[in-house]
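Student: I have a model open and would like to learn how to read its fold. Could you walk me through it, one feature at a time?

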Amino acid sequence: MFKAPANEDHAAGPQEDCGSSSRRSWGLLVTAGVGGTLLALYAVVIPFVTPALRKVCLPFVPATSSQIQNVLKMLENRSGLLVDIGSGDGRIVIAAAKKGFKAVGYELNPWLVWYSRYRAWRDGVHQNTKFYISDLWKVSFSCYTNVVVFGVPQMMPQLEKKLEEELEYSARIIACRFPFPSWIPDHTAGEGIDTVWAYDLKHYKGCETESLEITPETES
């Protein structure tokens, strides 16, 4: 008469094991899901905040709308190819393209380059823009007449020398956030972090040319 309860106890054992196994499976699935999400976020976010240039620590900081407008102001009545050195998410290049420039961005961070290309396509200016994954110190900027730079103080002296050696007489360089150490700006716009400085290279190329002029020798 007491065998039936014994059978119930025997039947309850496998059910409990099945429930425990199911809970463990769900736990593993939740853990894997959370881990995968965190890994995906790490892969997406980290490239946006890691240094974009190798020689100096230059994290990605998006240009403000005021900075963009100040840069465009410095480009008024200008023509020719434009390059943005350390182009980030491409907003300067895209804004210049909307004003009719053929614009190029160089950026070491591949995620930002891919995102820039997407934004250019989305805004309908992809035919006038190009974005390259490249280290600025390995690129020649000799073909550009308009150069935009978002730099930090540590890089500016060396970049100043590089641009003076490579750019043509008619080039204009626009520095954002930090000015060049030796050059005197021809134009400025904005205040605080939104300040931009424009340098016309003809003044420095002109000085160099004058210093190389040979004075005629006089007969003794």
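Tutor: Happily! Let's start with one unit: strand 2, helix 4 (residues 110-122) and strand 3 form a β-α-β unit that is right-handed. Keep in mind that this is a predicted model.

Student: How does strand 2 pair with strand 3, parallel or antiparallel?

Tutor: Strand 2 and strand 3 (residues 129-133) run in the parallel sense, with five bridges between them. To see one position in that pairing, find Gly105, which stands opposite Phe131 in strand 3.

Student: And which strand pairs with strand 2 over four bridges?

Tutor: That is strand 1 (residues 82-85), again in the parallel sense. Here Val83 has Val104 of strand 2 as its bridge partner. Between these two strands the chain passes through helix 3, giving a β-α-β crossover that is right-handed.

Student: Is strand 2 enclosed or open to solvent?

Tutor: A good way to judge is to go residue by residue, counting as buried anything under 20% relative accessible area. In strand 2 (residues 103-107), five of the five residues are buried, so the strand is largely enclosed by the rest of the structure. Then check each face: Ala103, Gly105 and Glu107 lie on one side, Val104 and Tyr106 on the other, and both faces are covered.

Student: Let's try a helix. Which residues of helix 2 are buried?

Tutor: They are Gln67, Ile68, Asn70, Val71, Leu72 and Met74. Next, ask what they pack against: helix 3 (91-98), strand 4 (146-150), strand 5 (172-176), strand 6 (187-189) and strand 7 (196-200).

Student: Asn70 caught my eye. What does Asn70 touch?

Tutor: Asn70 sits in helix 2 (residues 65-74). Leaving aside residues up to four places away in sequence, Asn70 touches Ala189, Gly190, Asp194 and Val196. Its relative accessible area is 13%, so Asn70 counts as buried.

Student: Now zoom out for me. How many helices and strands does the chain have?

Tutor: Six helices and seven strands. Along the sequence they follow the pattern α-α-β-α-β-α-β-β-α-β-β-β-α.

Student: What share of the chain is buried, and how far apart in sequence are the residues in contact?

Tutor: Of the 220 residues, 40% are buried. For contacts, take pairs at least 6 apart in sequence: 63% of them join residues at least 24 apart. As for the surface, the accessible area of the chain is about 13,400 Å², and carbon and sulfur atoms account for 58% of it.

Technical notes. Residues numbered from 1 in each chain as written. Predicted model: local features only at pLDDT ≥ 70, side-chain atom pairs only at ≥ 80, totals over all residues. Heavy atoms only, no water. Buried < 20%, exposed > 50% of the residue type's maximum accessible area, 1.4 Å probe, protein only. Contact = heavy atoms within 4.5 Å. Areas by Shrake-Rupley, 256 points an atom, 1.4 Å probe, with all protein chains shown as cover. Pairing = 2+ DSSP bridges. Right-handed = clockwise from strand over helix to strand, strands pointing away.
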